[in-house]
Amino acid sequence: MTSQSPSVSDTPTIYETISNDPRFSKLAKVVNAFDDVVAFLNDSSNRVTLFAPPDSVLRRPNSSDFPAKTAARDFIEPFLAMESIVAEDMANLVYMSGILSVEPSEFPDEYCERADDKEQCRKKLRFILRALLGYHLIPTGAYKVHDLGLNLTFPTNLSINGIFDSHPERLRIQQNIIPPRTTINFYSQIEQADLFASNGVIHVVDHPLIPPPPVFQLLYFMPHYFSTLTSALQHTGLRDKLDLVYNHDEGLRGASLVTMFAPTNRAFDRLPRKLRMFLFSPFGERALRKVLEYHIIPRAVVESDYIRHQECNQSCSIKEQFFQDSAGVTDMAKDFVLGKHHGKPISFVNVTLPTLLPNHTVNTLIHKTQVKYPFPGHKHAYRVDTQITVNDHHVRVPDIVASNGAIQVIDRVLDPHLSPHHPDCPHHGYETEEPWSNWESWLANWAEAQD
C-alpha cells in the first residue's frame, strides 16, 4: 500500500527538493555526481521514498556510535580487490560519513594512499558511494510514515551481483506508538516525516543508512545476545554457511542467501545442564553441529514480508492466505490468528522449508492482523501486528536484515527430534512434549547416524 499527497503541477521533484534545501547540500552534491540517479529522482513518473540524512548528521561521530565500524568494513570488503587497500581504512571512510560529504572527484588522496592503482581505488570508492545512495531509496512506492508501518522490511535501490541472490538489499522499519517513533535498522530514526514531492516522499533521518554485513557478522557484533551461538558456529565449522567474504583469488565466498533462526544466549541457558555440558564437550561436537544445522535455512530468505528460495523442492511448501474478512479464514489460520490475537486478520502464511540438516524441515507461520489504536483519533487509524513462529516457538525479534539474508531471533533451541520429517516424530504438534526432555534417550545415537 502506498500513498502520497495530492498531485500539484508545481510541486518539485525529490531531486529539486533536496537541491533547493540547504539542509541537504552534502547529499545533493553526492547525488549530482551520478547522472542516472539525478534522472531517477527527477522523473515525475516515479514513485520513490528517500531517507535523507541532512548535513548535520554527515559528520564524524564518536567511536561509540552505532553502527559499528566493523559493519561498514564487512560491507566494503567484497568490493576491494586490491590487497594494498586496508579494509579498516575503508570502514573508517564510510562509518565517519566522510564519503557522503565529499564529491567523488575530490576524494582526498589519503583514502587511496595505500593503493597501488589510485585511479582504480577512486572507482571503487565511487561504487561504494553509489551503493550507499541506493540503500537510502525505496524505489517501489511513495510511502508516508504511516505506510512504512504496514511492513517490517522494504526493498531498497541497492542490488549487488552475488549478494542476496543479486536481489535488492532490504531495510527494516520498526514503529513505536508511545512515544511515536520510526526506526530504520535499529539505529536511524526519522526526525521529520512526510516531505512530499511530485514523485515521492522524503523522510529526514538522524543517521545515514549503512548496508548491513552478512548474517554471521551481524550475530558476532551482538555478543551480549549471541556469543554462545557464534562460538558454537565457529567451533563446528559452520561459519561459512552464514558468512560472505571476499577472497582475492576466488572472489565472493560463502552464503549468498541464508536465513538463521538464531537462539540467544538465554536459549542455550534454558537447555538442561547436562545437555549443555555434552554439546560443548569434544564428545558432543557432532551433535552440536547437527543441532545448529537445523537452525539454518540455506539458499533462502524468510522474512515476514519477503520469502525467496533458490531451490524449492518437494520438501518445500509455501501457502499464503489473504482475506478481507474472517469468513475466508481456514481452520488452521483461525486457530492461530483469531484464537490468539485481537484485530482483523490481514494475511496468514504457512512456510515449510528444508534446513541445512538433511531430511529435516522447519515450519514457519507468519500472520498479520490489523489492530486499531487504543486511544481516540481517526476511526481508520490502526497498526499492523506481525507475528512469526517457528515450530510453534515465537520469534522474539523478527526480520533482522543482513546483506546475504535474514536473522529470526528465538529464545529456544529448536529440537530436531520433533521435526515433522524426522522418522521418530509421531505427529506435527511440536508442543506436545517438552523440547529436549528426553534427549539422553536419542541424541547420541541420532548424532552418529548418517542422514
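Which residues lie nearest the centre of the largest pocket? I began there. Gly 149, Gln 174, Gln 175, Asn 176 and Val 384 do, out of 25 residues that line the largest pocket.

**Basis.** I am working with a predicted model, in which local features need pLDDT of at least 70, side-chain atom pairs count only at pLDDT 80 or more, and totals for chains, interfaces and linings use all residues. Residues are numbered from 1 along each chain as its sequence is written, and side-chain values use heavy atoms, with hydrogens and water left out.

**Largest pocket.** I noted a volume of about 590 Å³ for the largest pocket. For pockets and cavities I used a 1 Å grid over the protein atoms alone: a cavity is a set of points where a 1.4 Å probe fits but cannot get out, a pocket is an open set with protein on both sides within 12 Å along at least five of seven lines, and lining residues have an atom within 4 Å of a point. Grid points are joined across faces, edges and corners, and a volume is the space filled by probe spheres set on the points.

I then sorted the lining by element. α7 (145-148), β4 (170-176), β5 and β17 (382-390) each give at least two residues to the lining of the largest pocket. β17 has the largest share, six residues. Helices (H or I, at least four residues) and strands (E, at least two) are DSSP runs, numbered from the N terminus. By type, the lining of the largest pocket holds twelve nonpolar, nine polar and four charged residues. Here Ala, Val, Leu, Ile, Met, Phe, Trp, Tyr, Cys and Pro count as nonpolar, Asp, Glu, Lys and Arg as charged, and the others, Gly among them, as polar.

**Thr 182.** I looked at this residue in strand β5 (residues 181-184). Thr 182 counts as buried because its relative accessibility is 7%; buried means under 20% relative accessible area, exposed over 50%, partly exposed in between (1.4 Å probe, protein chains only). Its side chain makes a polar contact with the side chain of Gln 175 at 3.1 Å. A polar contact is a pair of N or O atoms within 3.5 Å; within protein, one must be able to donate a hydrogen and the other to accept it, and residues adjacent in sequence count only if both atoms are side-chain atoms. Beyond four places in sequence, Thr 182 is in contact (heavy atoms within 4.5 Å) with Val 145, Ile 173, Gln 174, Gln 175, Ser 188, Gln 189 and Ile 190.

**Ala 193.** I found Ala 193 in strand β6 (residues 188-197). Is Ala 193 buried or partly exposed? Ala 193 is partly exposed, because its relative accessible area is 31%. Not counting residues up to four places away in sequence, Ala 193 touches Val 145, Ile 202 and His 203.

**Second largest cavity.** I counted five cavities of 30 Å³ or more in the structure. The second largest has a volume of about 60 Å³. α2 (25-31), α3 (35-42) and β1 (48-52) each supply at least two residues of its lining, and β1 gives the most, with three. Its lining residues come to ten nonpolar, one polar and no charged. Among them are Leu 27, Val 37, Phe 51 and His 136.

**Asn 46.** This residue sits in the loop between α3 and β1. Asn 46 has a relative accessible area of 18% and is therefore buried. Its side chain reaches the backbone oxygen of Phe 40 at 2.9 Å.

**Cores.** I checked the largest nonpolar core, which has 52 residues; Leu 219, Leu 229, Leu 233, Trp 436 and Leu 443 have the most contacts inside it. A nonpolar core is a set of buried Ala, Val, Leu, Ile, Met, Phe, Trp, Tyr and Cys residues joined through side-chain atoms within 4.5 Å. Apart from the largest core lies another, of 25 residues, including Ile 163, Leu 244, Val 401 and Ala 406.

**Helix α12.** In α12 (residues 285-293) I listed Ala 287, Leu 288, Lys 290, Val 291, Leu 292 and Glu 293 as buried. Their cover includes α9, α10 (265-269), α11 (273-279), β11 (296-298) and α14 (443-448).

**Whole chain.** I closed with totals: the protein chain has 14 helices and 19 strands, and 53% of its 451 residues are buried.
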